[in-house]
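This report describes one structure for a reader who has not met it before. Please keep the sequence and the model in view while reading.

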Amino acid sequence: MSRANELIGAAMEALAREDQAAFDSAAAFLADRDDADRVLVAAATRAISALWRNGWQPADVVRIAARRLSDWHGRAAADLVAFELRAYAPATVDERWRDQLAGLEAAVWWQGGYLAARRARDGASRLMTVSGVLELLGLLTGLPRLESLSPPPGAARRPVLARPHAVSEKTLTRVRALLAQAESTTYEAEAQTFTSAAQSLMAKYSIDAAMLDAQPGGGEAPAGIRVGVDAPYEQPKAVLLSLVAEANRCRVIWSQELGFATVLGFAADLSWVEMLFTSLLVQAQTALVNSGTKKHGGGRSRNKAFRQSFLSAFASRIGERLAEATAGAVAQESASRGTDLVPVLAAREQEVEQAVERLFPNLVSHRMRTAWDREGWVAGRTAADQASLGGRDR
């Protein structure tokens, strides 16, 4: 083992022991070496390659780096992920991974050594940059195995023909634009119009997909995505995501310590769940800001209890509205098509449940506990009644 690798190993051991002095010493010696960039980037690349085999995806790696360490570590993770993925032919990298890279704006933007380029961009010392990458490496090498939701790079195969009922990027772009307009307007009637149009588009694709899969030669399998659930107030946000997913025949498994939830369902439903959840969070946050600060009679702040209760009530009421609206939408579509959609949709829900059991055989449920504030609960339900759900508002 080279001296540089020995220093990296010493730094990793120091991190595991939480021995800051030993870590700083190893980082300082490594920073003085000419081969530090090559060896350190190679170690990070190996760690990232191992994560792909353990079920991680690009967005997962960047999210956990920013969550556990800092935004700087998140940016460095995005850089090194982009660097590692250059080793694979584009056709062997899952399309969803390429979408994640684009969303993260992850690219190999530097020429020559990464540490030197990163240091120049940040205006930082060599020691600070080396220490930061070592900290990132320590995190990456200690992450747990995740459920595999897609083939790792090098193993993906691009389909020869797109599925006839896949949601087109053009449609998704239209839906995203409509939701963005709904979130930005201050007029409730306009928000209802925009979200109704978005919901109508996605609901049509979802039911069309179910009907096509029910025909001979159909049979799209459930898939999975991971959705970030960020602090503060992760619990009511996770509940909101779960209720939105249930209304769209999806299931949610929340990994609180990792900062995300896994959503399982069919492709058209997954797309809409993620977008609707994001839109509802924006609407809830706007309502929270408008509610102002809250204090006890003695002047002590009760913002935390108020906001937790607000978001819990918002999620609860949204769940009720979605359940009612979904049942009505299915009945309306069944009547217009002259066929009972309930058995078809129930069969799809059963397939999703089977996917959950296959991927999470040891799943355990826990009761959530949260703070209580009566005013926050009432305000949250009121905001949920006013929130736009799209076409299902009808």
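In this predicted model, β1 pairs with strand β3 (residues 260-265) in the antiparallel sense over six bridges. Two strands count as paired if DSSP finds at least two bridges between them. Helices (H or I, at least four residues) and strands (E, at least two) are DSSP runs numbered from the N terminus. Within the pairing of β1 and β3, R226 has T262 as its bridge partner in β3.

The model is predicted, and local features need pLDDT of at least 70, side-chain atom pairs count only at pLDDT 80 or more, while totals for chains, interfaces and linings use all residues. Residues are numbered from 1 along each chain as its sequence is written, and side-chain values use heavy atoms, with hydrogens and water left out.

Strand β3 is also paired with β2, again in the antiparallel sense, over five bridges. Here T262 in β3 stands opposite I253. A hairpin joins β2 and β3 with four residues between them, and G259 in the turn has a positive phi of about 80°. The outcome is an open sheet of three strands in the order β1-β3-β2, with antiparallel pairing. Because β1 (223-228) and β2 (251-255) stand at the edges with a single partner strand each, one side of each has no neighbour in the sheet. Neighbouring strands of the sheet are turned by 25° against each other on average, direction ignored.

How many of the six residues of β3 are buried? Six of the six are, so β3 is largely enclosed by the rest of the structure. Buried means under 20% relative accessible area, exposed means over 50%, and partly exposed lies in between (1.4 Å probe, protein chains only). F260, T262 and L264 point one way from β3, whereas A261, V263 and G265 point the other way.

The chain as a whole has 15 helices and three strands, and buried residues make up 46% of its 394 residues. One buried residue is I8, at 6% relative accessibility, which is placed in helix α1 (residues 3-17). Leaving aside neighbours within four places in sequence, I8 is in contact (heavy atoms within 4.5 Å) with L30, V39, L40, A43, L134 and L137. The C-alpha atoms of I8 and A26, 18 residues apart along the chain, are separated by 7.2 Å.

Helix α7 (residues 114-122) packs against helix α8 (residues 126-140) at an angle of about 115°, and their axes are 9 Å apart. Axes are lines fitted to C-alpha atoms, for helices over the stretch in contact, and angles run from 0 to 180 degrees between N-to-C directions. L115, R118 and R119 of α7 make the contact with R126, T129, V130 and V133 of α8.

The aromatic rings are a further topic. A search of the whole structure finds seven aromatic pairs. Rings of Phe, Tyr and Trp (its six-membered ring) pair if their centres lie within 6.5 Å; planes under 30 degrees apart count as stacked, over 60 as edge-to-face and the rest as tilted. W109 and W110 form an edge-to-face pair, 5.4 Å centre to centre with 75° between the planes. W109 is partly exposed, with a relative accessible area of 29%, whereas W110 is buried at 8% relative accessibility. Both belong to one aromatic cluster formed by F83, W109, W110 and Y114.

Two arginine residues lie over ring faces, as tabulated below. A charge sits over a ring if NZ of Lys or CZ of Arg is within 6 Å of the ring centre and within 35 degrees of the ring normal.

| Arginine | Ring | Distance from the ring centre |
|---|---|---|
| R121 | W109 | 3.7 Å |
| R348 | F266 | 3.7 Å |
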